[in-house]
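Subject: The structure you asked about

Hi,

Here is the structure we talked about, ready for you to open and turn around. Have a look first, then read on.

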Amino acid sequence: MLNEKKKPSDSFTLMTQLIFPSDTNHYDTMFGGRLMEYMDKAAAIAAMRHARTRSVTASMDSIDFLAPIMIGEVIEVKAFVSWTHRSSMEIYVTVTSENLNSGDKKQNVQAFFTFVALGEDGRPTPIAEIEPETKLEKKLFASAPERHEARRKRRQERKQADASEE
């Protein structure tokens, strides 16, 4: 099974949510933290669809808030696995909002999440590779090693900083 490659579409996840006042701040725009919760859930589902095992969030990066989301709008959170390493997966997540009265749609957020697949023993376990198909999937796949290296460097720098504080 591990020699089998999977397509990003195998992990595709779509979550649709209507934004209520309890989802928003005093500016009547959606709380960033609430939105990140929805994004993390969609990314988790995509990761587990790919790995077919427990998967946990390792990092969130490049979260770019492009436009506010207003009360009464509907959001679509889309996620799919864009790249894999031995036991980790990069998940590309986007959020689009729609004003149901006008039909206007806009892209609000895009981000990259990293998840790690866990085996029965709770330790990282190997996963299948990704075979991109679409133009976007190929672009994300080609640029993923650079993002992976940046995350690795950040982790290493944090460990060094923590060690120097002891």
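Below is what turned up, starting with the empty spaces and ending with two odd backbone angles.

One thing to keep in mind: this is a predicted model.

Let's begin with the pockets. The largest pocket has a volume of about 220 Å³. Which elements give it its walls? β2 (55–65), β5 (105–117) and α2 (135–165) each bring at least two residues to the lining, and the largest share, 6 residues, comes from α2. If you want to find the spot, look for Ala 58, Ser 59, Ser 88, Thr 114 and Val 116, along with His 148 and a set of arginines: Arg 151, Arg 152, Arg 154, Arg 155 and Arg 158. Sorted by class, that lining has 5 charged, 4 polar and 2 nonpolar residues.

There is also a closed space. The structure holds 1 cavity of 30 Å³ or more, and about 50 Å³ of space lies in the largest cavity. Its lining is made of Val 74, Ile 75, Glu 76, Thr 96, Ser 97, Glu 98 and Lys 105. Here β3 and β4 each supply at least two of the lining residues. By class, the cavity lining splits into 3 charged, 2 polar and 2 nonpolar residues.

Now back to α2, since it deserves a closer look. How far apart should its ends be? With 31 residues at 1.5 Å a residue, α2 should span 45 Å, and its end C-alpha atoms are indeed 45 Å apart, so the two values agree. Even so, α2 has a kink of about 40 degrees at Ala 144, shortly before the proline Pro 145. Ala 144 is also one of the buried residues of this helix, together with Glu 137, Leu 140, Arg 147, His 148 and Arg 151. What do these buried residues pack against? Their partners are β2, β3 (74–84), β4 (88–98) and β5.

Last, the backbone angles. Asp 28 has a phi near 65 degrees, which is positive although the residue is not a glycine. Asp 28 sits in the loop between β1 (13–18) and α1 (32–51), and at 41% relative accessible area it is partly exposed. Arg 52 has a positive phi too, near 55 degrees, and is again not a glycine. You will find Arg 52 in the loop between α1 and β2. Is Arg 52 buried or exposed? With a relative accessibility of 61%, Arg 52 counts as exposed, because the cut-off for that is over 50%.

Cheers

Methods:
Residues are numbered from 1 along each chain as its sequence is written. This is a predicted model: local features need pLDDT of at least 70, side-chain atom pairs count only at pLDDT 80 or more; totals for chains, interfaces and linings use all residues. Side-chain values use heavy atoms; hydrogens and water are left out. On a 1 Å grid over the protein atoms alone, a cavity is a set of points where a 1.4 Å probe fits but cannot get out, and a pocket is an open set with protein on both sides within 12 Å along at least five of seven lines; lining residues have an atom within 4 Å of a point. Grid points are joined across faces, edges and corners, and a volume is the space filled by probe spheres set on the points. Helices (H or I, at least four residues) and strands (E, at least two) are DSSP runs, numbered from the N terminus. Ala, Val, Leu, Ile, Met, Phe, Trp, Tyr, Cys and Pro count as nonpolar, Asp, Glu, Lys and Arg as charged, and the others, Gly among them, as polar. The expected span of a helix is 1.5 Å times one less than its number of residues. The bend at a residue is the angle between axes fitted to the seven residues ending there and the seven starting there. Buried means under 20% relative accessible area, exposed over 50%, partly exposed in between (1.4 Å probe, protein chains only). Contact means heavy atoms within 4.5 Å.
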